[in-house]
Amino acid sequence: MKRTLFAALLVWMWGSLPAQEYSNFAEQTNRLNTLAKANPTLVTLRSLTKTNGGKDIWLLTIGTGKTENKPAIAVIGGTEGSHLLGTELAIGFAENLIKGSNTDSIKNLLAKTTYYVFPNMSPDAMEQYFSKLKYERNGNATQTDDDRDGKLNEDGFDDLDGNGKITLMRVESPVGDYKMHPDDPRVLIKADPSKGEKGKYLLLMEGIDNDKDGQLNEDGEGGIAFNKNLTYKHSTFAAGAGDFPASEKETRAMLDFLYDAFNVYAVISFGSNNNLSTPIAFNPIAARERILAGYLEPDAKVNMMVSELYNKVTGLKDAPKNVNTGGDILSWGYFHFARFSFSTPGWWVPRAKPDTAKKEKAFTIEDPTANYLRWAQQQGISNTFTEWKTVQHPDYPNQKVEVGGIDPYVLTNPPYKMTVELVKKHTDFLVKLAGQQAEIDVLNVKTEKLANGLTRVSFDLVNKGGLSTHSKLGERSYFLKKLKVAVKTNDKQEIIGGRKISLLSSLDANSSQSFSWIIKGTGKVSIEAGCPTAGVKTIDLSL
Amino acid sequence: MKLTIQIAIASVGLWMGTSAMAQTPEQMFKAAGSPVNPKVTVTWNRYYDHAGLGEICRKIAAAHPNLAKFESIGKSYEGRDLWCLTITDFKKGDPARKPGMYIDGNIHSNEIQGAEFALYTAWYLTESFDDTKFIQELLEDKVFYVIPTINPDGRDSYIHKPNNPNSPRSGMLPVDNDGDGLIDEDTYEDLDHDGNITLMRRKSPNGRFKIDPKDPRNMVQVGPDEKGEYELLGTEGLDKDGDGRVGEDGYHFQYDPNRDWGWGWQPNYIQNGAYKYPFSLPENRAVMEFVMKHPNIAAAQSFHNAGGMILRGPGGQEDVNTYNAADLQVYDAIGKKGEEFLPGYKYLVVYKDLYSAYGGELDWFYAGRGIYTYSNELWTPYLMFMKEGSRDPFDNPTYSFDRYLLFQDAFVPWKEYNHPQFGKIEIGGFKKNFTRAHPGFLLESDAHRNMAFSIYHCYSTPKLEVQDIVEKDLGDGLKEVTAVIANQRMMPTHSSQDAKNKIERPDYISLTTSGKILSGMTVENRDLNLTTEQKNNPQTIEVPNIPGMGAVTVKWIVQGGGKYTVNVDSKKGGIVIGSK
């Protein structure tokens with residue numbers, strides 16, 4: 001009975017029973033269409049382009065009224081095709097937000113803020129998870145010659161043990177640089193020659209040197225990876241990056257949209273980069289380089305503030321260290337788009353405590369795979385490790401070759417059932433972040449008659465929000481509109497003192513600036529103040 | 001198809017008719033180095049708008065069907081075609097497999113003569129083919145891709161709308177320059193309606209300018225202790241949006257098409273003029289796609305103005321090491337030869353001799369695609385009196401050149417105007433067609449010289465030959481077959497930047513024989529027999545490069561055999577075959 005009630009509650013909450021597994025592209029498309037059709041006043045869905053694999057790049061716009069006139073947050077999932085959680089966080093956020101759209105708090109939020117949700121920037125690559133051969137793929141369906149030898153896809157992975165997954169391969173070798181983990185012999189770790197350690201294994205990805213060029217799996221169905229294809233510090237010529245930045249349709253579709261979306265003040269992306277668990281520290285030397293390499297100081301402070309908010313709301317701890325690879329969305333969002341930019345993997349394997357009942361001890365050597373296996377066992381997750389098994393390998397005819405290891409995807413994507421809680425936490429974060437957005441107001445409006453037909457008009461322009469109207473870097477970019485204060489007079493009025501149009505680069509959080517004019521004439525005058533990233537306020541006055 | 005040919009024949013007949021009406025062949029005497037009675041008559045002492053250029057391209061292709069093909073490689077923002085002439089001897093070899101020379105002009109809207117210079121090259125090659133053995137050989141070996149203007153919207157706007165010599169630099173894609181949310185709300189204004197945006201001056205007791213005693217049209221700054229008579233109020237315009245600035249948001253400088261390319265690209269806060277991302281402008285995107293589809297392009301030239309420069313990259317100091325020593329040898333040899341051809345032009349490096357510029361076309365061609373590329377800044381004041389002059393447009397040589405050689409045709413005389421914001425002012429100054437564009441009588445000669453530079457550049461692209469095939473009997477029915485593949489020109493098949501990053505695939509040297517190929521190897525030292533075996537697919541040996549003015553040696557071990565054919569297949573070096 002209780003269970004039925006619970007299920008009924010779920011049906012009511014979700015519209016349907018929650019799935020037990022990540023959605024493939026067709027299912028994602030279904031979820032997006034369902035959401036848009038059921039909520040036409042709040043949600044619009046459009047396709048920005050189709051990838052070379054023929055898949056739509058969807059954009060959900062969530063908001064009310066003229067969404068393009070409200071400060072906006074862009075939420076980007078699927079920045080890496082192997083990160084299914086990211087697409088789930090983006091779509092789940094949209095679903096959760098809409099679910100709460102009858103509450104006053106969400107109504108108020110959507111009256112002031114627009115969300116642009118890009119649920120999946122890597123739909124081609126993501127489908128590898130659902131295909132017969134699973135391996136962590138980030139590249140799209142564009143044909144690439146990864147080793148640049150003039151031949152396409154001549155040496156990809158090979159499923160030697162026929163289990164439908166590409167795992168690891170270890171080769172016993174006197175020149176091997178890997179050894180067994182002292183606490184878990186299933187796991188291989190690098191031997192440290194400086195400590196006199198000697199390795200026993202070569203550790204490779206499962207496969208054969210199909211083209212006999214001495215390199216293993218160096219040119220499979222590579223494709224271009226979205227999170228390497230953006231413009232900041234692009235690794236031109238590196239596998240998966242593209243021959244030049246923004247070479248891919250999906251990359252350009254997103255950039256074209258966002259560069260015209262002057263109302264976007266923050267970009268939140270889900271992927272391997274992380275400046276939410278630990279903010280990017282201010283580095284005065286990097287911040288002065290001609291090709292800017294570090295956050296400007298005020299922007300680093302914003303990162304710190306938003307990171308605190310993220311950690312408080314999500315309660316996520318012990319995140320792996322952030323590594324920026326170049327060409328990534330996190331860096332692009334700040335360094336090239338000049339908006340506040342944040343990224344998080346959304347989840348990582350929690351640090352597993354030793355089970356004293358089983359006489360486990362803390363690991364003598366920290367290793368993500370060893371930690372995962374311990375954590376998975378405690379969670380009752382099984383079948384994610386393939387025991388090492390000897391195979392006959394044509395490239396190593398006289399050596400012992402074994403295939404095994406942990407499954408692809410498991411280190412960065414939690415079991416699906418855990419995503420419900422993660423979506424909720426990240427929805428909370430995205431809602432609370434909007435609560436900090438810059439908001440323009442006009443206070444202390446005064447009209448003083450100086451003489452017949454001569455009036456002094458003055459007011460204070462205020463930013464009530466927790467964020468500045470523009471990032472510090474955004475003040476330098478012409479893809480952000482200035483904060484404009486414009487006086488609209490009729491032909492019988494004349495501005496004697498003060499500027500008809502004032503353009504400000506920015507207004508800091510919780511700060512104000514005074515304006516005054518001397519206007520000759522009578523009748524109505526209207527003053528418009530604001531900018532797309534902070535909203536526009538209009539006041540009408542009588543002289 | 002038939003219809004096209006008929007039209008073509010009819011058109012050729014029409015021009016021949018026209019030229020016959022003007023002059024008969026007997027009445028003409030050939031001047032050395034110029035076609036005496038060209039099939040397509042072009043007047044080279046004037047400029048053509050986009051439609052005019054297209055018309056000339058079409059005529060060249062129709063008159064020389066075996067030497068020229070005409071196509072559009074894409075559309076501009078406003079929908080104009082980007083016209084391309086492919087010039088080669090179509091009767092000999094596959095054009096797509098000949099080493100290619102890419103030439104474009106006019107990437108900056110106001111830098112118009114690049115289009116005429118590029119087109120002159122196409123015209124000259126086709127019209128001189130019959131008379132000139134050198135050109136016959138050149139077009140047998142090489143292919144030219146000539147795109148006179150890669151910015152046709154900007155070109156037409158420069159020609160047909162009010163402008164000054166410096167405007168517009170942009171194409172026509174609208175941009176909100178001042179970030180006020182409005183687009184092009186305060187552009188230049190041609191107050192005197194003469195098609196030229198000139199200068200505004202006003203008599204003022206506190207002005208810091210006076211009339212130049214040597215030429216009253218010129219304004220000169222007074223000394224620090226001197227009283228002036230005039231103030232300069234900038235270029236012709238109004239404050240249309242009432243923001244206290246004159247002409248601050250027009251279409252003239254909204255972005256720079258030469259900061260939009262896919263190497264070292266930087267956003268606009270670092271590199272002024274950059275747009276959204278590399279190739280975010282449709283014209284450049286079309287060029288990029290064309291270049292990617294033509295891996296045979298080994299050399300490239302873009303024409304700009306002004307200043308008399310043969311420029312190479314890098315545009316940014318960060319790329320100093322990208323332009324490595326091996327490639328600089330080639331660059332320097334060609335660039336210095338160019339200085340000899342081009343009086344008043346200097347061979348210079350962008351980042352240190354001009355200014356720092358990220359995302360430029362020449363950097364993408366070289367660093368992104370491995371193509372040796374120059375940008376020439378056409379026109380130099382040197383050409384006025386054949387001596388070094390000042391580059392300041394207000395300098396007197398400019399005025400005296402206009403006075404004595406152009407008879408004051410290049411100047412709009414000062415005249416009074418009643419300005420709504422400035423009151424009584426005067427408007428005048430040089431027309432848009434002078435100070436950066438060539439005056440008519442110097443256009444053809446400088447176009448010819450710059451073409452000669454391109455031809456030398458193109459001539460220097462790889463020319464491969466199977467120099468030698470030697471068979472040696474190893475006994476037991478085994479033969480060793482050694483082949484030497486030579487490159488007779490200065491450029492390697494892979495620039496060093498190309499080889500380092502494997503931009504283009506290796507060159508393939510394959511052996512065809514009736515025998516069985518047991519092994520293939522590259523030979524590092526033939527005398528000492530130092531070799532490296534290629535175990536996979538020994539029939540086709542892959543070599544990373546065939547050096548300029550050098551050779552590579554390969555050998556095979558063959559069982560049986562007899563007749564040997566060696567085929568060399570190089571993306572930038574072309575295809576050659578040798579047999580023994």
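1. Start in chain B, with one residue pair: B:Thr512 sits opposite B:Thr565, a residue of strand 22. The model is a predicted one. The pair belongs to an antiparallel match between strand 17 (residues 507-513) and strand 22 of chain B, which spans 6 bridges.

2. Strand 22 of chain B has a second partner. It runs antiparallel to strand 23 (residues 574-579) of chain B, and 6 bridges join them. There, B:Ser570 faces B:Gly574 of strand 23. The link between strands 22 and 23 of chain B is a hairpin of 3 residues.

3. Which side chains of strand 22 of chain B point to the buried face? They are B:Tyr564, B:Val566, B:Val568 and B:Ser570. The other face carries B:Thr565, B:Asn567 and B:Asp569, which are not buried. The pattern alternates along residues 564-570. Thus B:Ser570, on the buried face, is also the residue opposite B:Gly574. B:Thr565, on the other face, is the one opposite B:Thr512.

4. Next, helix 9 of chain B. This helix covers residues 361-368, and 8 of its 8 residues are buried, so it is largely enclosed by the rest of the structure. Charged side chains are included: B:Glu361 and B:Asp363 are buried, along with B:Leu362, B:Trp364, B:Phe365, B:Tyr366, B:Ala367 and B:Gly368. What do these buried residues pack against? Strand 9 (297-305), strand 10 (309-312), strand 12 (372-378) and helix 13 (496-501) of chain B. After the helix comes B:Gly370, with a positive phi near 75°.

5. Domains of chain B. The assignment gives three entries: domain 1 (63-158 + 269-379 + 441-459), domain 2 (176-250 + 390-435) and domain 3 (464-579). Between domain 1 and domain 2 of chain B, the C-alpha centres are 34 Å apart.

6. Chain A overall. It holds 10 helices and 20 strands. Its C-alpha atoms fill a box of roughly 105 × 65 × 45 Å along the principal axes. Of its 543 residues, 44% are buried. Among chain A contacts with a separation of 6 or more, 71% join residues 24 or more positions apart.

7. Domains of chain A. Domain 1 is assigned to 25-128 + 223-348 + 414-434, domain 2 to 146-218 + 355-406, and domain 3 to 440-542. How far apart are the C-alpha centres of domain 2 and domain 3 of chain A? The distance is 64 Å.

8. A sheet in chain A. It is open, has 6 strands, and follows the order 1-2-4-3-9-10 with mixed pairing. Why is one side of strand 1 and of strand 10 (340-344) of chain A left without a neighbour in the sheet? Each stands at an edge with a single partner strand, so one side has no neighbour there. From one strand to the next, the twist averages 20°.

9. Both kinds of pairing can be seen in this sheet. Strand 1 (residues 43-50) and strand 2 (residues 56-62) of chain A run antiparallel and share 7 bridges. A:Thr44 has A:Thr61 in strand 2 as its bridge partner. These two strands form a hairpin with 5 residues between them, and A:Gly54 in the turn has a positive phi of about 80°. By contrast, strand 9 (residues 264-270) and strand 10 of chain A are parallel over 5 bridges. Here A:Ser269 stands opposite A:Ser343 of strand 10.

10. Two helices of chain A pack on that sheet. Helix 2 (residues 25-38) touches strand 1 and strand 2, and its direction makes about 145° with that of strand 1. Helix 6 (residues 249-260) touches strand 1, strand 2, strand 3 (72-76), strand 4 (114-118) and strand 9, at about 135° to strand 1.

11. A helix pair in chain A. The axes of helix 7 (residues 297-314) and helix 10 (residues 419-434) come within 9 Å and cross at roughly 145°. The crossing is right-handed. Helix 7 contributes A:Val306, A:Leu309, A:Tyr310, A:Val313 and A:Thr314. Helix 10 contributes A:Lys425, A:His426, A:Asp428, A:Phe429, A:Lys432 and A:Leu433. By class, that contact has 6 nonpolar, 2 polar and 3 charged residues.

12. Last, the interface. Chain B places 26 residues in contact with 30 residues of chain A. The chain B side has 7 nonpolar, 10 polar and 9 charged residues.

Note on methods. Residues are numbered from 1 along each chain as its sequence is written. Chains are lettered from A and ligands numbered from 1 in the order in which they are written. This is a predicted model: local features need pLDDT of at least 70, side-chain atom pairs count only at pLDDT 80 or more; totals for chains, interfaces and linings use all residues. Helices (H or I, at least four residues) and strands (E, at least two) are DSSP runs, numbered from the N terminus. A residue is buried if 20 or more other C-beta atoms lie within 10 Å of its own, exposed if 12 or fewer, and partly exposed in between; C-beta atoms are placed from the backbone. Two residues are in contact if their C-beta atoms, placed from the backbone, lie within 7 Å. Ala, Val, Leu, Ile, Met, Phe, Trp, Tyr, Cys and Pro count as nonpolar, Asp, Glu, Lys and Arg as charged, and the others, Gly among them, as polar. Domain bounds come from an automatic or database domain assignment. Two strands pair if DSSP finds at least two bridges between them. Axes are lines fitted to C-alpha atoms, for helices over the stretch in contact, and angles run from 0 to 180 degrees between N-to-C directions. A crossing is left-handed if the near helix is turned anticlockwise from the far one by less than a right angle, and right-handed if clockwise.
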